[in-house]
Amino acid sequence: MATSSENTIAKATQEVTNDEKETNGTEEVAVEPKTGVSFPVKLDDGKQLNCVGLRKKSMFGLDIKVYSYGMYADNEKLKDLLKSKIKKAPEKPTKELYQMVIDSDVEIMVRLVIVYSSLTISMVRKNFGEGLGASTKKLNGGKKNDELANKVMGQASDDIKLTPGSLIEISRLPGFVLETKGEYLKLKLGMIIEWNQVMGEVISKVESELLCRAYINMYIGDDPLDKDAKDKFGISLISLF
């Protein structure tokens, strides 16, 4: 007979499994409800979607929706990690659970889908500089390392406009490597001059344990970009038990 704890976990897991899911043709997707942006539930390389969320930024007294995001992971590796240190599933996500993921080098990819219509690479660089800089400082004993945070967008030209629907994928890879790829339009005088599809290329690749930990900490640490998304990521971790 299932215990009350097991029933609670099963119910919470089912809520995440059914959350805003649709079928787009033959592909199952999850929809970020505030923007309507959809994310495939499973990628071709086997990584699975564990949560969707929204990055907002306060500008001119308004909460601007900057990008929606989906967090993908190698869930088999995550399961091995968690079970190696925790024998029984907790009733709800714990700080220890999140910290294990932050401190590990299990592959996690965050897919960002731009929704703000006037975004440039320069603005994204600044946004990461602020959020990732604060996260790095917190994990680095209060010491700032702006140079490290600014490496995420690499040498991408600051004047490139990111139109709605543009993609950026940032992956923490085994060995504590943070890799950034992107897919966006290059515009000139309002005309498309190049479709810069570089998902197969790399905008930046930085080997740094601190940077990798700080990046994942932005999403599932003590001060996450989207608390609801963090909670759902945590419930997905419990479901791996």
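Buried residues make up 49% of the 241 residues in the protein chain, a value computed, like those that follow, from a predicted model. The chain holds 7 helices and 12 strands, and among its contacts with a separation of 6 or more, residues 24 or more positions apart account for 64%.

**The nonpolar cores**

The largest nonpolar core has 53 residues, and within this core the residues with the most contacts are M71, L112, Y215, Y219, I220 and F233. Helix α6, residues 209-220, supplies the largest share of the core, namely 9 residues. Another core lies apart from it and consists of 10 residues, including L43, Y72, M109 and L167.

M71 gives a view of how the largest core is put together: once its neighbours within four places in sequence are left aside, M71 is in contact with Q48, L49, N50 and C51, with I108, M109 and V110, and with Y219, I220 and F233. Of these partners, Y219 and I220 are also named among the residues with the most contacts inside the core, as is F233.

**Two helices**

Helix α6 is largely enclosed by the rest of the structure, because 11 of its 12 residues are buried. The buried positions run through L210, L211, C212, R213, A214, Y215, I216, N217, M218, Y219 and I220. E209, which also lies in α6, counts instead as partly exposed because its relative accessibility is 44%, and the partly exposed class lies between 20% and 50%. Although E209 and G175 are 34 residues apart in sequence, their C-alpha atoms are 8.0 Å apart in space.

In α4, the buried residues are I121, V124, R125, N127, F128, G129, L132, G133, S135 and T136. Just after this helix, G141 takes a positive phi of about 65 degrees. The spans of the two helices are set out below.

| Helix | Residues in helix | End-to-end C-alpha distance | Expected span |
|---|---|---|---|
| α4 | 19 residues | 26 Å | 27 Å |
| α6 | 12 residues | 16 Å | 16 Å |

For α4 the distance from the first C-alpha to the last is thus close to the expected value, and for α6 the two values agree.

**The cavity**

How many cavities of 30 Å³ or more does a search of the whole structure find? The search finds 1, and the largest cavity has a volume of about 60 Å³. Its lining is formed by V66, Y67, L112, I114, L119, M123, V124, N127, F128 and I168. The elements that contribute two or more residues to this lining are the strands β5 (62-73) and β6 (108-114) together with α4 (121-139), and the largest share, 4 residues, comes from α4. By class, the lining comprises 9 nonpolar residues, 1 polar residue and no charged residues. L112, one of the lining residues, is also listed among the residues with the most contacts inside the largest nonpolar core, while V124, N127 and F128 belong both to the lining and to the buried residues of α4.

**A loop position**

K34 lies in the loop between β2 (27-32) and β3 (37-40). Is K34 buried or partly exposed? With a relative accessible area of 44%, K34 is partly exposed, since buried would require a value under 20%. Not counting residues up to four places away in sequence, K34 touches L54 and K65. K34 and G53 are 19 residues apart in sequence, and the distance between their C-alpha atoms is 8.8 Å.

How values were computed. Residues numbered from 1 in each chain as written. Predicted model: local features only at pLDDT ≥ 70, side-chain atom pairs only at ≥ 80, totals over all residues. Heavy atoms only, no water. Core = buried A, V, L, I, M, F, W, Y, C linked by side-chain atoms within 4.5 Å. Buried < 20%, exposed > 50% of the residue type's maximum accessible area, 1.4 Å probe, protein only. Contact = heavy atoms within 4.5 Å. 1 Å grid on protein atoms, 1.4 Å probe; cavity = no way out; pocket = protein on both sides within 12 Å on 5 of 7 lines; lining within 4 Å. Points joined across faces, edges and corners; volume = space filled by probe spheres on them. Nonpolar A, V, L, I, M, F, W, Y, C, P; charged D, E, K, R; others polar. Expected span 1.5 Å × (residues − 1).
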